[in-house]
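Work through the exercises below with the model open. Try each task before reading its solution.

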Amino acid sequence: MGAEGLNRKDFAALGLLTLVWLVIVFLVNPVGDFPLNDDWAYAKAVQSLLRGDLQLTDWAPASQIAQIAWGALFCLPFGFSFTALRWSTLVLGWVGVLATFALVRQMGVGRAVALLAALIILGNPDYLNSSFTFMTDVPFYAFCALAIFFFVRALQKADNPDTLLATLFAIAATLTRQFGIVLPLAFTLASLAKNGISAKSLVKAVWPLGAVGASLTVYQTWLSATGRLPQMYKDQAGELTKLFSVEGLSKILPVLAPMMLYVGLFLFPWLLLAVARSWQKRSLQTISMGLAFAIAMYGIVSVRKPLADGLIPNIFAGILYDTGVGFPILKDTFTLWLPHMPKAPIAFWVIVTALGVAGAALLVYFLVLAFEASETDKVKKGLVVFASSGCLIYFLLIAPRSASYDRYFLFLLPLVLILALIQPKTVKTLEIQWAMAIAFSLTLAYGAFSVATTHDYLAWNRVRWEALNKGLAERRFTTKNMDGGFEFGGWYSYDSKYVAQPGKSWWWVDRDDFALTFGPIDGYRVYERHPFDRWMPVGAQEVFILKRNNS
């Protein structure tokens, strides 16, 4: 496609992606008026906006206002509900997938390669799971993907309208998560690398960064002046200074290693296709160098750890866990760490981790090729600087954080796609049909896992909240004496001044006479059992409501 725009066949591919997205939404079923993960904190902000008095909870560190306004729009027709908020994220999740396709086509490659890139994002377990919540991850990705697409067009064509559109989407991204400011900063560096430094080029390169920075500054100033600035927002700003401390520097390699492994795993099927597409005589040597580096990175992750703890998905906290997505933050599985969830054989995760290591090696391979290809081409130089500096700056911002999660790496995926497409095509598509077959098969496997586990996440939460809401309505327990899990505590009992009590879950639990769990706990007896059907692994499982023996 290149710079000329999408054609009729491209729109057919977008239609296919839309159809796949709708089928997945139908299979998973987003309906359910209950919070998931941290999204109760953002939902409370939407409720306050709908009342006409925006209030952000101290729990949420993100700028979030763009996402909150977007979610409020979906609540206007029928009133506030988590189902409406979930639909708002699903729409942006769909937009993010389409923007990924358009971005890869903009890099001048074939439709099948772009379709695979979009499908690998769509089938990503972190992306798909987060699309069925009201978390900031997917809205942030969607706005960033659109901004990246137009920044790339601006670097290719030097087109002012593209720069303006990119800046507007970068503002939306930054007002969802502060880290969106990385994109206009990367564009500034890329534009100067491409055009050189002069008064004219400096203004052209810097104004998007100025516009985004001014938008964030005005917003933060207003929050502070009106007493609306969340405590965790302040804490996050303070954490960024850790980068310049010994503590922050000590975290760089331990965070770089899992980041490379996760990004390598997430993109491995597509990277395999890209390698076949760009194979050169010295490619084996370059990949070997990348593999050595990736193995060294894995060594950093797994040193002094038991085998199971050194495997994906145990090396980094977040969405992905053993046989599922959306880890259950409940008294038994999180506070007491009891083995109440199904587990896959270690051999399975050894294979998955090996794919992550291989993918990390390919990241190094493509980075080397991208810098070499940019030496004599100003446009490629601009694109390489944009993508590589975007990855580097973002990584340096998240590395010092006391809590970083696998879902934070979604931001890096479109930038890595750009780096992998910088080098020229060296073989015909027909010569890589084997790679295409393997890549699509692996992508299908990724997608099947993501759909099944996201279905399970919604299924057990739906049963969980039906049981909790029924018990509350019938007054068999209350929000004060039930430990219903993190989301239950956050939605009903959040208190920024709460101090965790010994022996109780930390999520604002007053009394734990009752507890919702996936299995038995010492000192409790089974009060209720609520079955649900799993897809991964296939079978029935139960959610329990337990009652303390002496209550």
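Two strands count as paired if DSSP finds at least two bridges between them. The model used here is predicted.

**Exercise 1. The sheet**

Task: Work out in which order the strands of the open sheet lie, and which strands are the edge strands.

Solution:
- Start with strand E4 (residues 514–517). Its link to E6 consists of 4 bridges, and the two run antiparallel. That meets the requirement of at least two bridges.
- Within this pair, Ala515 stands opposite Leu546 of E6.
- Move on to E5. Here 11 bridges join E5 to strand E6 (residues 538–548), again antiparallel.
- Check the register of E5 and E6. Phe532 has Gln541 in E6 as its bridge partner. Trp535 has Val538 in E6.
- Look at the connection. E5 passes to E6 in a hairpin, through 2 residues.
- Assemble the sheet. The 4 strands lie in the order E3-E4-E6-E5, with mixed pairing.
- Read off the edges. Strand E3 (482–483) and strand E5 (524–535) each pair on one side only.

**Exercise 2. The nonpolar cores**

Task: Find which residues of the largest nonpolar core touch the most other members, and which helix gives the most to this core.

Solution:
- The largest core has 187 residues. Leu17, Val263, Trp270, Ile312, Phe386, Phe411 and Ile418 touch the most other members.
- Helix H13 (residues 252–277) gives the most to this core, namely 19 residues.
- Take Ile418 as a case. Leaving aside residues up to four places away in sequence, Ile418 touches Leu103, Met107, Ile148, Val152, Leu383, Phe386 and Ala387.
- Another core, of 5 residues, lies apart from the largest one. Ala515, Tyr524, Phe544 and Leu546 are among its members.
- Return to the sheet for a link. Ala515 and Leu546 of this 5-residue core also stand opposite each other, Leu546 being in E6.

**Exercise 3. One helix, one face**

Task: Explain why the buried residues of H3 line one face of the helix.

Solution:
- List the buried residues of helix H3 (residues 65–75). They are Ile65, Gln67, Ile68, Gly71, Ala72 and Cys75.
- Look down the axis of H3. The buried residues fall within an arc of 155 degrees, so they line one face.
- Recall the geometry. An α-helix has 3.6 residues a turn, so residues three or four places apart point the same way.
- Identify the neighbours. The buried residues of H3 pack against helix H2 (39–51), helix H4 (82–106), helix H7 (137–157) and helix H10 (199–225).

**Exercise 4. Salt bridges around an arginine**

Task: Trace the salt bridges of Arg407 with Asp38 and with Asp137. Is Arg407 buried or exposed?

Solution:
- Set the total. The model has 16 salt bridges.
- Take the Asp38 contact. The side chains of Arg407 and Asp38 meet at 3.8 Å, N to O.
- Place the two ends. Arg407 is in the loop between helix H17 (378–398) and helix H18 (412–420), and Asp38 is in the loop between helix H1 (8–28) and H2, so the pair ties together parts 369 residues apart in sequence.
- Take the Asp137 contact. The side chains of Asp137 and Arg407 meet at 3.2 Å, N to O.
- Place Asp137. It lies in helix H7, so its pairing with Arg407 ties together parts 270 residues apart in sequence.
- Apply the cut-off. Buried means under 20% relative accessible area. Arg407, at 7%, counts as buried. Asp137, at 2%, counts as buried too. Asp38 is also buried.
- Compare Arg476 and Glu474. Their salt bridge has its closest N and O atoms 2.8 Å apart. Arg476 is partly exposed at 23%. Glu474 is partly exposed at 44%.
- Finish with the network. Salt bridges with shared partners join Asp38, Asp137, Arg177 and Arg407.

Key. Residues numbered from 1 in each chain as written. Predicted model: local features only at pLDDT ≥ 70, side-chain atom pairs only at ≥ 80, totals over all residues. Heavy atoms only, no water. Core = buried A, V, L, I, M, F, W, Y, C linked by side-chain atoms within 4.5 Å. Buried < 20%, exposed > 50% of the residue type's maximum accessible area, 1.4 Å probe, protein only. Contact = heavy atoms within 4.5 Å. Arc of directions from axis to C-beta. Salt bridge = Lys/Arg side-chain N within 4 Å of Asp/Glu carboxyl O.
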